[in-house]
Amino acid sequence: MFGATAVRRKVGWPKAAGGLTFSRSPATPVIRLQLQEFPMRRSPARFVTCLAMAALVAATAPLRAQVGVASPDGRNQVMVEIRDGRLTYGLARDGRPLILPSSLGFDFRNAQPLRDGLRITDTTRRSHDEWWTQPWGEVARVRDHYNELAVTAREISPTGRVLTLRVRAFDDGIGFRYELPEQPGLTDFEIEDELTEFALADNGRAWWIPSNWPRMDRSEMLYSSGPVSVLDSVQTPLTLELQDGRTFMVIHEADLVDYARMFLRGERTESRMLTSALAPMAGGVKVRGRTPFASPWRTIQVADSLTRLAPSLLGLNLNPPNALVATDWIEPMKYIGIWWGMHIGTMTWGSGPEHGATNENTRRYIDFAAANGLGGVLVEGWNTGWDGDWIKNRNAFSFTEAYPDYDLGALAAYAKEKGVKLIVHNETSGGIQNYERQLDSAFALYQSLGLDAIKSGYVTDTTAEGHSHYSQFMVRHYRKVIEAAAKHGIMLDVHEPMHDTGERRTYPNMMTREGARGQEYNAWSGDGGNPPEHETILFFTRLLAGPMDFTPGVFDILIERGPDGRRRPDQPRVRTTLAKQLALYVAIYSPMQMAADLPESYERQPAFQFIRDVAVDWDTTRVLDARIGDYVAVARRERGGQTWFLGAITDEQGRTLDLPLSFLTPGRRYVAEIYADGPKAHWLDNPLPVTITRRPVTSATRLRVVMAPGGGQAIRIRPR
Ligand code: NOJ
Ligand code: CA
């Protein structure tokens with residue numbers, strides 16, 4: 001028996017059926033009606049005849065000014081058409097417009113814009129349905145299922161330049177990208193602006209960080225929210241809650257390889273129009289390229305409820321499959337580091353009496369990691385170049401020469417003996433040429449010592465050459481590092497990174513990255529630290545792009561171990577309860593998850609057991625309940641096991657959630673180990689009490705999860 005899906009997958013859609021109009025009747029786009037004309041419940045022989053008919057229709061169909069494609073479930077419908085000579089796309093869900101016809105094109109330097117006077121000259125269709133397995137991730141198995149439409153348009157004028165818009169419609173959203181085929185009228189080019197519009201039908205509420213004020217701060221900013229109509233210039237992922245309160249959209253990009261990062265520019269009037277804005281290189285050009293050329297995918301994720309936004313897999317499906325021959329050396333891990341001490345001022349990166357990266361200190365951290373089942377030890381400040389103003393002295397960093405009190409080879413051997421990975425730190429301060437000059441020799445050295453993980457850093461808004469942190473120049477650099485690391489068998493954790501566009505599918509050694517305000521802001525931020533709502537917003541914004549090295553797990557919430565004993569009350573501190581720090585291990589996904597505090601902060605702390613136990617790689621992930629900026633509860637099952645972990649976090653409001661554990665296997669008995677906010681816990685004046693209890697649970701249990709203001713709850717649920 002052949003269902004509609006089989007027809008779509010095997011034949012693609014006949015062009016005659018492509019004239020998709022946004023009908024007002026829900027769930028019945030025209031395309032559905034036309035597909036039903038095919039005899040789907042007939043014999044295979046009839047089906048073959050049917051295929052032939054479809055091919056015939058496709059070959060002879062007249063070229064239309066309007067073509068469409070719908071997702072496999074028929075609900076997301078994209079219409080591509082020529083309007084006033086411009087190529088436009090629009091998006092509807094169940095017949096309800098989400099993106100109104102929006103124009104497409106490019107502004108070039110020294111050439112006419114490619115946007116006007118176009119006509120459609122060709123369309124092709126394809127369908128795809130495949131499952132693939134992530135070597136690590138929030139879920140193990142991913143379905144890549146879409147219908148694709150490629151529309152080629154040509155300028156009517158004598159220049160006759162051609163562009164192709166490739167659209168993929170998935171059940172969870174759409175992606176589209178530009179392709180510029182090789183052609184005499186367009187060879188080498190410089191893009192001044194990409195002219196993609198996102199004409200939002202609904203003045204929904206957006207959660208955003210700016211992309212233009214006062215600097216970009218490498219995406220390390222607090223989120224704001226407000227109607228789309230007030231947006232100025234913002235970063236993606238841009239998350240939108242539509243006015244119905246149920247529908248959510250996320251605009252982002254995927255497969256950014258040799259292009260500039262895309263921001264979105266609003267008009268700050270009553271308009272709901274957003275336009276792409278690319279990060280510039282020095283001199284203002286955004287992208288240099290040569291045909292044939294393909295842009296990154298512009299993605300619009302759509303969900304019927306907030307809990308369905310995560311985990312977000314659309315961008316991964318729009319990246320090429322794994323390029324590595326072997327991935328068995330790539331291992332998610334928990335790690336501790338010579339790190340927090342520098343941020344709270346008890347140690348230094350540079351040389352001197354407080355130097356953190358000493359042989360003795362590193363051995364102490366390695367011993368601690370080995371004794372507590374942590375897989376790695378990060379050591380910052382091991383290499384020369386930190387003395388003086390390390391942000392300005394970007395070219396002083398050596399990536400092979402250690403300070404005299406740090407013996408890289410001996411410590412690598414010691415770590416290996418203890419079964420711990422020594423994570424090498426590479427801060428560049430944006431000295432890209434300095435880093436690239438040393439890349440091969442440094443990575444070869446690490447590889448020869450068996451060191452297979454690096455945390456890198458790019459503390460700068462513009463490079464020495466004046467390129468934006470997010471320019472094509474930097475995109476190329478980050479990619480070069482990923483490839484060099486893959487070649488040398490090295491996993492990467494990148495701070496001040498390029499934003500995540502799904503690189504980990506192709507290069508699973510690209511483990512995690514920062515790219516948002518992490519825990520470090522609680523140590524030194526001039527505004528006192530991250531507010532209690534911060535992580536409940538991160539979950540539905542930054543984290544939809546990919547994993548984040550947030551570095552949870554600070555137990556010394558008031559940061560009493562500052563350089564002069566107890567800190568002054570006006571200094572920044574962690575604005576959560578201790579139980580919430582535990583819950584962040586589940587809520588904020590990262591395949592490299594730090595225990596951020598000093599080892600001494602974990603001594604004699606029963607709650608540390610949760611950090612020892614929590615998994616870092618998952619078979620499956622379910623968001624149980626959430627409201628952006630208020631709270632999130634998420635459950636994840638560890639990879640290859642039957643143990644679940646549940647993390648719930650709240651903002652400055654205390655809350656009680658009633659969570660059914662229906663995700664557990666029915667009929668199986670489990671024990672829940674619950675780390676909850678203790679009596680009278682409050683992030684502001686009583687953040688430390690944690691109550692640890694155990695109780696039997698099954699899939700029929702409803703759990704009452706009580707969280708203090710700024711609090712959370714972390715639960716391990718293991719089979720009995
Ligand atoms: C900023 C990073 O986010 C932080 O983790 C690191 O310690 C410093 N840069 C120094 O590289
Ligand atoms: Ca940072």
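The paragraphs below walk through a predicted model, beginning with its calcium site and moving on to pockets, cavities, a helix and some unusual spots in the backbone.

A good place to start is the calcium ion (ligand 2). Its protein donors are side-chain oxygens (OE) of Glu220, Glu496, Glu514 and Glu520, with Glu514 listed twice. These donors lie 2.3 to 2.6 Å from the ion. How are the donor residues spaced along the sequence? Written as a pattern, the spacing is E-x275-E-x17-E-x5-E. Two of the donor residues, Glu496 and Glu520, show how the site links distant parts of the chain. Glu496 sits in the loop between β27 (491-494) and α10 (503-506), while Glu520 sits in the loop between β28 (510-513) and α11 (521-524), and the pair is 24 residues apart.

The geometry of the calcium site deserves a second look. Ideal angles are 90 or 180 degrees when six donors form an octahedron. Around the calcium ion (ligand 2), the angles among the six donor atoms run from 51 to 157 degrees, and the site is irregular.

Are Glu496 and Glu520 buried or exposed? Residues count as buried when their relative accessible area is under 20%. Glu496, at 5% relative accessibility, is therefore buried. Glu520 is buried too, because its relative accessibility is 8%. Glu496 also has a backbone feature worth noting: its phi is positive, about 45 degrees, although the residue is not a glycine.

Attention now turns to the open spaces of the model. The largest pocket holds about 530 Å³ of space. Its lining consists of 21 residues, and Arg143, Asp171, Asp172, Leu313 and Asn317 are the ones nearest the centre. Which strand gives the largest share of this lining? The answer is β8, with four residues. Both β8 (141-155) and β22 (297-303) supply at least two residues each. Sorted by class, the lining of the largest pocket has nine nonpolar, four polar and eight charged residues.

The second largest pocket has a volume of about 340 Å³. Among its 19 lining residues, His343, Trp390, Val459, Glu520 and Trp524 lie nearest the centre. Glu520 is a familiar name here, as it is also a donor to the calcium ion (ligand 2). Two or more residues of this lining come from each of β25 (421-427), β26 (453-457) and α11. The classes divide into eight nonpolar, four polar and seven charged.

Besides pockets, the structure contains 11 cavities of 30 Å³ or more. About 150 Å³ of space lies in the largest cavity. This cavity is lined by 17 residues, with His252, Ser312, Gly315, Leu544 and Ala545 closest to its centre. The elements β17 (248-254), β22, α4 (314-317) and α13 (542-545) each give two or more residues to the lining. By class, six of the lining residues are nonpolar, eight polar and three charged. The strand β22 thus appears again, having also supplied at least two residues to the lining of the largest pocket.

Helix α7 offers a neat example of a helix with two sides. Its residues run from 408 to 417, and the buried ones are Leu408, Leu411, Ala412, Tyr414 and Ala415. Where do these buried residues fall when α7 is seen down its axis? They lie within an arc of 165 degrees, so they line one face of the helix. An α-helix has 3.6 residues a turn, so residues three or four places apart point the same way. On the other side of α7, Lys416 and Glu417 are exposed.

A few backbone details complete the tour. The peptide bond from Thr291 to Pro292 is cis, with omega near 0 degrees. Pro292 lies in the loop between β20 (287-290) and β21 (293-294). A cis peptide bond also joins Ala310 to Pro311, with omega near -5 degrees. The loop that holds Pro311 lies between β22 and α4, and both of these elements give residues to the lining of the largest cavity.

Finally, Asp255 has a positive phi of about 60 degrees, although it is not a glycine. Asp255 is found in the loop between β17 and β18 (262-265). With a relative accessible area of 15%, Asp255 is buried.

Note on methods
Residues are numbered from 1 along each chain as its sequence is written. Chains are lettered from A and ligands numbered from 1 in the order in which they are written. This is a predicted model: local features need pLDDT of at least 70, side-chain atom pairs count only at pLDDT 80 or more; totals for chains, interfaces and linings use all residues. Side-chain values use heavy atoms; hydrogens and water are left out. Donors are N, O and S atoms within 2.8 Å of the metal (3.2 Å for Na, K and Ca); water is not among the atoms, so sites may look incomplete. Four donors count as tetrahedral if all angles lie between 85 and 135 degrees; four count as square planar and six as octahedral if opposite donors are over 155 degrees apart and all others between 65 and 115; anything else is irregular. Buried means under 20% relative accessible area, exposed over 50%, partly exposed in between (1.4 Å probe, protein chains only). On a 1 Å grid over the protein atoms alone, a cavity is a set of points where a 1.4 Å probe fits but cannot get out, and a pocket is an open set with protein on both sides within 12 Å along at least five of seven lines; lining residues have an atom within 4 Å of a point. Grid points are joined across faces, edges and corners, and a volume is the space filled by probe spheres set on the points. Ala, Val, Leu, Ile, Met, Phe, Trp, Tyr, Cys and Pro count as nonpolar, Asp, Glu, Lys and Arg as charged, and the others, Gly among them, as polar. The arc is that of the directions from the helix axis to the C-beta atoms.
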